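Please look over the structure below before reading the notes. They are grouped by topic for a reader who has not met it before.

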Amino acid sequence: TNSHVVGDGNVEEVMVLLHDGTRLPAEVLWNEKTLDLAIIKVEGNNLRAAELGDSDNLKVGEIAVAIGNPLGLNFERTLTQGVISGLNRSIPLEQGETIEDLIQTDASINPGNSGGPLLNARGQVIGINTAKIQTGEGLGFAIPINTSKPIVEQFIETGKFEKVQLGIRGVNADVFEGLTGTALNVDYGVYVVEIEANSVAERYDIRAGDIIVGIGGVKAEGMGNLIRELYKFKPGDKTTIDIMRNQREMQIEIEF
């Protein structure tokens, strides 16, 4: 589900309502506000799981079906259909942050749809409905299901999730330029503001003032993008960090 659905973790009780009217208490296992993702767990019998699809292979124009409770339980289990309208969309949050890499759909999504599934034509879950643009019609957004897969898999395998930390405080390069008036001569990336002591970044000599432009061969468009990529790694994994330092591109090999 979405992090905002469970109060970004600040909630006393979560109940899950099943299709037969049964209510089950749920435990919030994990949430991440930057991704607007949360994982909750229910205990019950004969609970059938939806099949997960592959959001990396989506194409604009494919059928998209959203299920949820728009505007509350008066309209519970509403199904709307549309198409995949766009991929890799970003929408702004507060304080200059953005939520990135979203699926855009014209399937009707309203407040109350949050946390519900976005399905493909085969009924596989390809996304988690998260938001709509209030000023426009037919502009709904969903988090790709592949973002949550490595997190869910760790919980299933080990009963817990260990998030790897790079050990930086950073800000999107364009936001840093706007706030300080400094030209960084990059089109994207994360400006490193501060390095935490005894962190991975300190150990491998990543420095304040560096601009992280990639991780593991994937572009780091911004902080949200970098955080999302970090969720793919486990403690002990090795990868590369691409940085710009003094207008020179460098690659640093690290181990989490």
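How far apart are the end C-alpha atoms of helix H1 (residues 145-158), and what span should its 14 residues have at 1.5 Å a residue? The end C-alpha atoms are 20 Å apart, which agrees with the expected span of 20 Å. The model is a predicted one. The points below take up helix H1, then a barrel of strands, then the salt bridges.

**Helix H1 and its surroundings**

- H1 lies across strands E8 and E9, and runs at about 35° to E9.
- Seen residue by residue, the buried part of H1 consists of Ile 145, Asn 146, Thr 147, Ser 148, Ile 151, Gln 154 and Phe 155.
- The cover over these buried residues includes four strands, namely E2 (23-32), E3 (37-42), E8 (125-132) and E9 (140-144), together with helix H4 (223-230).
- After H1 comes Gly 159, which has a positive phi near 80°.

**The barrel**

- Six strands form a closed barrel in the order E4-E5-E6-E9-E8-E7, and their pairing is antiparallel.
- From one strand to the next, the twist averages 50°.
- In general, the strands of a sheet pair through hydrogen bonds of the backbone, in a parallel or an antiparallel sense.

**Strand pairs within the barrel**

- E4 (residues 63-68) and E5 (residues 78-92) run antiparallel and are joined by six bridges.
- Ala 66 has Thr 80 in E5 as its bridge partner.
- E5 also pairs with E6 (residues 98-105), again in the antiparallel sense, over five bridges.
- Opposite Ile 84 stands Thr 105, a residue of E6.
- E8 and E9, the two strands that H1 lies across, are antiparallel and joined by five bridges.
- Ile 128 has Ile 143 of E9 standing opposite.

**Salt bridges**

- The structure has nine salt bridges, and three of them are described here.
- Arg 169 and Glu 194 form a salt bridge in which the closest N and O atoms are 2.5 Å apart.
- This pair links distant parts of the chain, since Arg 169 is in strand E10 (residues 168-172) and Glu 194 is in strand E11 (residues 190-195), 25 residues apart.
- Arg 169 is partly exposed, at 47% relative accessible area, and Glu 194 also counts as partly exposed, at 41%.
- Asp 101 forms a salt bridge with Arg 228, with 3.5 Å between the closest N and O atoms.
- Here too the pair links distant parts of the chain: Asp 101 belongs to strand E6 and Arg 228 to helix H4, 127 residues apart.
- Is Arg 228 buried or exposed? Arg 228 counts as buried because its relative accessibility is 8%, and the cut-off for buried is under 20%.
- Its partner Asp 101 has a relative accessible area of 22% and is therefore partly exposed.
- Arg 77 and Glu 76 meet through their side chains in a salt bridge, at 2.9 Å from N to O.
- Glu 76 is partly exposed, with 31% relative accessible area.

**Links between the topics**

- Strand E6 is part of the barrel and also holds Asp 101, which pairs with Arg 228 of helix H4.
- Helix H4 in turn is among the elements that cover the buried residues of H1.
- Strands E8 and E9 belong to the barrel and are likewise among the elements covering those residues.

Methods. Residues numbered from 1 in each chain as written. Predicted model: local features only at pLDDT ≥ 70, side-chain atom pairs only at ≥ 80, totals over all residues. Heavy atoms only, no water. Pairing = 2+ DSSP bridges. Expected span 1.5 Å × (residues − 1). Buried < 20%, exposed > 50% of the residue type's maximum accessible area, 1.4 Å probe, protein only. Contact = heavy atoms within 4.5 Å. Salt bridge = Lys/Arg side-chain N within 4 Å of Asp/Glu carboxyl O. Axes fitted to C-alpha atoms, helices over the stretch in contact; angles between N-to-C directions.
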